[in-house]
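Hi there,

Here is the structure I promised to pass along. Have a look at it first, and then read on for what turned up.

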Amino acid sequence: MGWLYVFLAAGFEFAGVAGLNKYSKRKTLLSGAVYLGGFGLSFLFLYTSFKYLQVSTAYAVWIGIGTAGAVLLNMFFFGESKSLSRVASLALIIIGVVGLKALS
């Protein structure tokens, strides 16, 4: 159950990042609501996951998934660079997250 909350937290973090990107370009009520609501729900689900998982593991996995997701989101939807070094760095993050989950 705890991992479900971590993945929900990461999913809402993606929404928060997309809203933040939109809000930084054009301040609208909708982009502000997506930005604040996404991050708010993300923290709520992360906090809930702490009832089932170690804080250090849940937090590290949430950060890793959120970071990787934010990079991918910005690469594919907002035109950021898809250079080999960025993709390699992203792969290292994913390997680290999988390693943390496997060893916890």
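A cut-off to start with: a residue counts as buried under 20% relative accessible area, as exposed over 50%, and as partly exposed in between. With a relative accessible area of 34%, Glu 80 is therefore partly exposed. Arg 86, at 27%, is partly exposed too, because 27% also lies in between those limits. Please keep in mind that this is a predicted model.

I began with those two residues for a reason: their side chains meet in a salt bridge, with 3.3 Å from N to O. The count for the protein comes to 1 salt bridge.

Now the overall picture. The protein has 4 helices and 0 strands, so the pattern along the sequence reads α-α-α-α. How does the radius of gyration compare with that of a compact globule? For 104 residues such a globule would have a value near 13 Å, and the protein has 14 Å, which agrees. Along the principal axes, the C-alpha atoms fill a box of roughly 40 × 35 × 15 Å. Contacts across the sequence are well represented: of those between residues at least 6 apart, 64% join residues at least 24 apart.

As for the surface, the accessible area is about 6,400 Å², and 72% of this belongs to carbon and sulfur atoms. Of the 104 residues, 36% count as buried.

Helix α2 is a good place to see that burial. The helix covers residues 29-49, and its 21 residues should span 30 Å at 1.5 Å a residue; the end C-alpha atoms are 30 Å apart, which agrees. Which residues of α2 are buried? They are Ser 31, Gly 32, Gly 38, Phe 39, Ser 42, Phe 45, Leu 46, Thr 48 and Ser 49. Their cover includes α1 (2-25) and α3 (55-77).

The same three helices turn up in the largest nonpolar core, which has 13 residues, with Val 6, Val 61 and Trp 62 making the most contacts inside it. The elements that give two or more residues to this core are α1, α2 and α3, and α1 gives the most, with 5 residues.

Val 6 is worth clicking on. Leaving aside residues up to four places away in sequence, Val 6 touches Ser 49, Leu 53, Ala 58, Val 61 and Trp 62. Two of the residues it touches, Val 61 and Trp 62, are named above for their contacts inside the core, and Ser 49 is among the buried residues of α2.

Happy browsing, and best wishes!

Notes:
Residues are numbered from 1 along each chain as its sequence is written. This is a predicted model: local features need pLDDT of at least 70, side-chain atom pairs count only at pLDDT 80 or more; totals for chains, interfaces and linings use all residues. Side-chain values use heavy atoms; hydrogens and water are left out. The radius of gyration is taken over C-alpha atoms; the globule rule is 2.2 Å times the number of residues to the power 0.38. Buried means under 20% relative accessible area, exposed over 50%, partly exposed in between (1.4 Å probe, protein chains only). Contact means heavy atoms within 4.5 Å. Accessible areas come from the Shrake-Rupley method with a 1.4 Å probe; for residues, only the protein chains shown count as cover. A salt bridge is a side-chain nitrogen of Lys or Arg within 4 Å of a carboxyl oxygen of Asp or Glu. The expected span of a helix is 1.5 Å times one less than its number of residues. A nonpolar core is a set of buried Ala, Val, Leu, Ile, Met, Phe, Trp, Tyr and Cys residues joined through side-chain atoms within 4.5 Å.
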